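Student: Could you pick out a single part of this protein and take me through it slowly? I'd like to see how the pieces around it fit together.

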Amino acid sequence: MRCLLSGPLCVLAGSVVLTLGAAAFSASASAEEKLKEVDRETPVFSLPSIDEGQWNTESLAGKPWVVNFWATWCPPCIEEIPSMNAGWAVLSEQGIGMLAINAGEGEEAVREFLGKIPIDFPTLLGDADSLSNWSVIGLPTTIVINVDGKVVYEAQGPREWDDEALLQKVIDLL
């Protein structure tokens with residue numbers, strides 16, 4: 001399908017459509033579909049953190065990780081942040097890592113947003129390659145990686161990350 005809008009407007013319109021589609025998918029998901037089982041390799045990456053230097057594929061070795069892709073302009077992403085922070089409080093006590101990867105916005109915009117709505121776990125600055133490398137087709141998208149570095153679950157659209165059943169699926173990866 002061809003976009004009738006020019007460059008950046010076409011990308012923005014596509015992002016809005018993908019975000020709304022993911023939100024609609026999430027709203028209809030049953031309890032069993034909160035995390036879709038997948039089986040693929042974690043992509044090779046290297047991204048800067050807002051506060052903690054550079055992160056790469058090797059940074060994730062040795063424990064399960066929850067990796068959330070989000071944007072400051074994405075209402076479902078913003079809605080999901082408080083439950084992600086609550087989920088992080090539980091998962092971090094279990095030795096499970098969590099990352100937020102922004103969908104290609106500038107550092108200044110991300111810092112300004114985080115000053116208003118904090119994310120309690122490490123936040124990385126992603127780019128267009130990050131989204132495609134991780135197979136992200138809408139926002140928010142969350143990927144769960146097991147101890148062996150394999151992507152084992154994904155969630156397209158927002159979830160309640162403080163939900164006990166959802167957290168238990170991640171904790172069971174230990």
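Tutor: Let's start with a term we'll need: a disulfide here is a pair of cysteine sulfur atoms within 2.5 Å. Keep in mind that what you're looking at is a predicted model. By that rule you'll find one disulfide, and the two partners are Cys74 and Cys77, with 2.4 Å from S to S. Look along the S-S bond and you get an angle of 75 degrees, which makes the link of Cys74 and Cys77 right-handed.

Is that link tucked away or out in the open? Anything under 20% relative accessible area is called buried. Cys74 comes in at 0%, so Cys74 is buried, and Cys77 has 2%, so Cys77 is buried too.

Now, Cys77 belongs to the part I'd like to zoom in on, helix H2. H2 runs over residues 75-93, which makes 19 residues. From its first C-alpha to its last, H2 spans 29 Å, close to the 27 Å expected. But don't picture a ruler: at Ile81 the helix H2 bends by about 35 degrees. A proline, Pro82, follows that bend within four residues. Once you've come out of H2, check Gly95 just after the helix, where phi is positive at about 90 degrees.

Next, which residues of H2 are hidden? The buried ones are Pro76, Cys77, Glu80, Ile81, Ser83, Met84, Asn85, Gly87, Trp88 and Leu91. Here's a handy idea for reading a list like that: an α-helix has 3.6 residues a turn, so residues three or four places apart point the same way. Try it on the cavity we're about to visit.

Rolling a probe the size of a water molecule over the atoms shows where empty space is left. In this structure there is one cavity of 30 Å³ or more, and about 40 Å³ of space lies in the largest cavity. Around that cavity you'll meet Asn68, Trp70, Cys77, Glu80, Ile81, Met84, Ala100, Ile119 and Phe121. H2 gives the most to this lining, with four residues. Strand E4 (65-70) also supplies at least two residues there, as H2 does. Sorted by class, the lining has seven nonpolar residues, one polar and one charged.

See how things meet up? Cys77 is one half of the disulfide and also lines the cavity, while Ile81 marks the bend in H2 and lines that cavity as well.

To finish, zoom back out. The protein has five helices and eight strands, and read along the sequence they go α-β-β-β-β-α-β-α-β-α-β-β-α. Of the 174 residues, 46% count as buried.

If you want one more stop, try the loop between helix H4 (128-133) and strand E7 (141-145), where Pro140 sits. A cis peptide bond joins Leu139 to Pro140, with omega at about -10 degrees. Ser135 is in that loop between H4 and E7 too, and phi of Ser135 is near 65 degrees, a positive value in a residue other than glycine. With a relative accessible area of 38%, Ser135 is partly exposed.

Definitions and conventions: Residues are numbered from 1 along each chain as its sequence is written. This is a predicted model: local features need pLDDT of at least 70, side-chain atom pairs count only at pLDDT 80 or more; totals for chains, interfaces and linings use all residues. Side-chain values use heavy atoms; hydrogens and water are left out. The expected span of a helix is 1.5 Å times one less than its number of residues. The bend at a residue is the angle between axes fitted to the seven residues ending there and the seven starting there. Buried means under 20% relative accessible area, exposed over 50%, partly exposed in between (1.4 Å probe, protein chains only). On a 1 Å grid over the protein atoms alone, a cavity is a set of points where a 1.4 Å probe fits but cannot get out, and a pocket is an open set with protein on both sides within 12 Å along at least five of seven lines; lining residues have an atom within 4 Å of a point. Grid points are joined across faces, edges and corners, and a volume is the space filled by probe spheres set on the points. Ala, Val, Leu, Ile, Met, Phe, Trp, Tyr, Cys and Pro count as nonpolar, Asp, Glu, Lys and Arg as charged, and the others, Gly among them, as polar.
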